[in-house]
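Reader: I would like to go through this model feature by feature, with the general idea before each case. Please start with the overall dimensions.

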Amino acid sequence: MHIVVCIKQVPDSAQIRIHPVTNTIMRQGVPAIINPFDLFSLEEALRLKDKVGARVTVLTMGPPMAETSLRKALSLGADDAVLLTDRKFAGSDTLATSYALTSAIQKLAEEDPVDIVFCGKQTVDGDTAQVGPGIATRLGFEQLTYITKIEDLNTASKEIVVQRRSEGGVQVLKTKLPCMITMLEGTNTIRFGKMDDLFRAARYELKTWSRDFTGAEEGRVGLKGSPTVVSKVFVPKPRAEKAKMIVADADTSEAMAAAAIDAIFAAQPKLAGDLLARAAAGL
Amino acid sequence: MSEPSKPQGRKFQLPEHLKIYKNVWVIVEQERGIVHSVSLELLGEARKLADKLGVEVGAVVLGAESPDLNRICGDAIGYGADIVYKVTDPALADYRTDPYCRVMTDVVNTHKPEIVLLGATTLGRDLAGAIATTLATGLTADCTELDIYADNRSLAATRPTFGGTLLCTIQTLAYRPQMATVRPRVMAMPERDDARTGRVIEIQPDLREEDIVTKVLNFIADREQNEAQLAFADIIVSAGKGLGKVENMKLVFDLAKVLGAEVGVTRPLVQAGWATNDRQVGQTGKTVRPKLYIAAGISGAIQHRVGMEKSDLILAINTDPNATIFDFAHLGLVGDALKILPALTDAFGRRLSVNRMAG
């Protein structure tokens, strides 16, 4: 059983600041972290390893400094780590990124066939949720996104049963390996690393792969291989700075409640209609 | 306000062989006969884009043949479609990536739309990511604004990035179709026009169930579950440590009941055992986007804020006039939540029941 977990090193979005004059992102001093959504997938991969036995390889595409995130993943229990890094990858959009990552997964599969690829549901910097499906489609793997639970994995028959979040409910799906899984947030909690894994992670010799090595075509990565272009980046119109404070006629809870409801309905007239319709229907 | 960083693209001219791609499409999301409202919002948006381009709106409705599906095709026309591509096969009854992706890839390659829009839902984002890969074209995720650049008729898709701190406008240049998923409840819901007419093109893709690896064993509808469904709630009443003690949670549930709302909590309340973690809103809990979010006794820590700040309307109730939550709530009420919550429950109850008698 070989599991590949794709992770991305991202700036901690809670600490991003925008330069007031140039309107650009100030990355200086912003700590880099493993994309939080990836941790749910990494933990699930490690749980499968604990349960049925598996080799877990973490893979990331990024600049050399993304090494930090790979070592972190190793310290949590991953067995191997691959850093896919090449200047030619710079400026890749999701189509080019999924192509580049797929070339690395195929390279990994040459020496040890891959049964499951885990990806994060989406990243906190790009928020696209498109790279996982892109990889699944390219590899011809069954695509299982927004998974809330892995109910069963039978390594002999290579069958897996999962619960998948859909808009109106939960789908219970049964499929065959190989598959690509993205876990929904909040479905597990990332473990603490063990001391010996921590030492192993520090000493581990990372595999650093280039575009040439994985055989990704030059014209299909980076800006050249990306159908989308960013034509404009701008700061959203700031919302009215502070809350509009509700002032009641009298200093009683009743007066405050009445004033609050008036303010809500004034701000959201449609909501008032919906609520009244709902009440009229006797719900 | 805007500081164009790289104005490349607007002057770009489309290669001749891609000019045969015409019309604006919406992939209508239906699950078990229920259409997701974002699909109707998108038909309204597609109408506007198509009118700017002088082309038609196409709606793709996929599923197993049923009266529900025919009704949905009629709805699609009423909400703005000129052409409905009704794609039916028993294997399309439930959403599964592989058959949906294969069918959509064929339909797009046959009819060549210039723009394909989907809702940024679990279905839409799953499917869009797959077909953009088979079609090898550009896809912009989770858009909040769509427009056409008149210079070259290309789609300008605007979306938040870096957790909403920045907006960026993205274009797909020398590739067709141009694809985008669009965030639910951002675009206005169009009025249904029963007088509208359109044509329905029936497509039977001839799928074989034995070729499809993934099987749907069961579907557990949310309404049959006891778990809180915060992510899909229209109204959420949330509580923080300001409520003082666990007994006061009743005040929150009472108000939620009158409003048909869900109850949310901050992380400390889950840690204190006042509520289960399916109710936690914030960085390590759920991200919610209701029409109304009432925050009672919540100070407004960043961990909570990132999970709820995109709500349409936030009403904050807090005794401390300097609480952080008043920096990003839309409406603020300085006062004791323990007294105001029951007053709100009474007042809402009265207003809504008055209407029931009148109606």
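Author: The radius of gyration can be set against the value for a compact globule. In this predicted model, chain A has a radius of gyration of 24 Å, where a compact globule of 283 residues would have one near 19 Å. Along the principal axes, the C-alpha atoms of chain A fill a box of roughly 75 × 50 × 40 Å.

Reader: What share of the 283 residues in chain A is buried?

Author: Burial is a count of neighbours: 20 or more other C-beta atoms within 10 Å make a residue buried. In chain A, 48% of the 283 residues are buried. The sequence separation of contacts is another thing to read. Of the contacts in chain A between residues at least 6 apart in sequence, 69% join residues at least 24 apart. The secondary structure of chain A consists of eight helices and 15 strands.

Reader: How many residues does each chain bring to the contact between chain A and chain B?

Author: Chain A gives 73 residues and chain B gives 91 residues. On the side of chain A that touches chain B, the largest share comes from helix 7 of chain A (residues 253-267), with ten residues. By residue class, that side of chain A has 37 nonpolar, 22 polar and 14 charged residues.

Reader: Which strands pair across the two chains over six bridges?

Author: Strand 11 of chain A (residues 169-176) pairs with strand 13 of chain B (residues 215-221), in the antiparallel sense. One bridge to look up there is Gln171(A) with Phe219(B).

Reader: What is the order of the ten strands in the open sheet that holds this pair?

Author: A sheet is read from one edge to the other. The order here is 13(A)-7(A)-6(A)-1(A)-8(A)-12(A)-9(A)-10(A)-11(A)-13(B), and the pairing is mixed. Strand 13 of chain A (207-209) and strand 13 of chain B are the edge strands, each pairing on one side only. From one strand to the next, the twist averages 30°. Two helices of chain A can be placed against these strands. Helix 2 of chain A (residues 67-76) packs on the sheet and touches strand 1 (2-7), strand 6 (55-61) and strand 7 (80-84) of chain A, its direction making about 165° with that of strand 7 of chain A. Helix 3 of chain A (residues 94-111) lies across strands 1, 6, 7, 8 and 13 of chain A, at about 145° to strand 6 of chain A.

Reader: How should I read a single strand pair inside that sheet?

Author: In a regular strand, side chains alternate between the two faces of the sheet. Strand 10 of chain A (residues 159-166) and strand 11 of chain A are an antiparallel pair with eight bridges. In this pair, Glu159(A) has Lys176(A) as its bridge partner.

Reader: Which strands make up the open sheet of four?

Author: The order is 14(A)-10(B)-9(B)-8(B), with antiparallel pairing. At the edges are strand 14 of chain A (228-234) and strand 8 of chain B (145-149), each pairing on one side only. Neighbouring strands of this sheet are turned by 30° against each other on average. Within the sheet, strand 8 of chain B joins strand 9 of chain B (residues 154-161) through five bridges, and Tyr149(B) is the bridge partner of Ser154(B).

Reader: Is strand 7 of chain B mostly covered or mostly open?

Author: Strand 7 of chain B (residues 139-143) is mostly covered, with five of its five residues buried. Strand 7 of chain B runs parallel to strand 11 of chain B (residues 178-182), with three bridges between them. Thr140(B) has Ala180(B) as its bridge partner.

Reader: What should I look for in the backbone geometry?

Author: Most residues other than glycine have a negative phi, and most peptide bonds are trans. Asn23(B) has a positive phi, near 85°, and lies in the segment before strand 1 of chain B. Ala136(B) has phi near 50° and sits in the loop between helix 4 and strand 7 of chain B.

Reader: Why does Asn23(B) count as buried, and why does Ala136(B) count as exposed?

Author: Asn23(B) is buried because 20 other C-beta atoms lie within 10 Å. Ala136(B) is exposed because 12 C-beta neighbours lie inside 10 Å, and 12 or fewer is the cut-off.

Reader: Where are the cis peptide bonds at Pro178(A) and Pro177(B)?

Author: Leu177(A) and Pro178(A) are joined by a cis bond with omega about 0°, and Pro178(A) is in the loop between strand 11 and strand 12 of chain A. The bond from Arg176(B) to Pro177(B) has omega near -5°, with Pro177(B) in the loop between strand 10 and strand 11 of chain B.

Terms used. Residues are numbered from 1 along each chain as its sequence is written. Chains are lettered from A and ligands numbered from 1 in the order in which they are written. This is a predicted model: local features need pLDDT of at least 70, side-chain atom pairs count only at pLDDT 80 or more; totals for chains, interfaces and linings use all residues. The radius of gyration is taken over C-alpha atoms; the globule rule is 2.2 Å times the number of residues to the power 0.38. Two residues are in contact if their C-beta atoms, placed from the backbone, lie within 7 Å. Ala, Val, Leu, Ile, Met, Phe, Trp, Tyr, Cys and Pro count as nonpolar, Asp, Glu, Lys and Arg as charged, and the others, Gly among them, as polar. Two strands pair if DSSP finds at least two bridges between them. Axes are lines fitted to C-alpha atoms, for helices over the stretch in contact, and angles run from 0 to 180 degrees between N-to-C directions.
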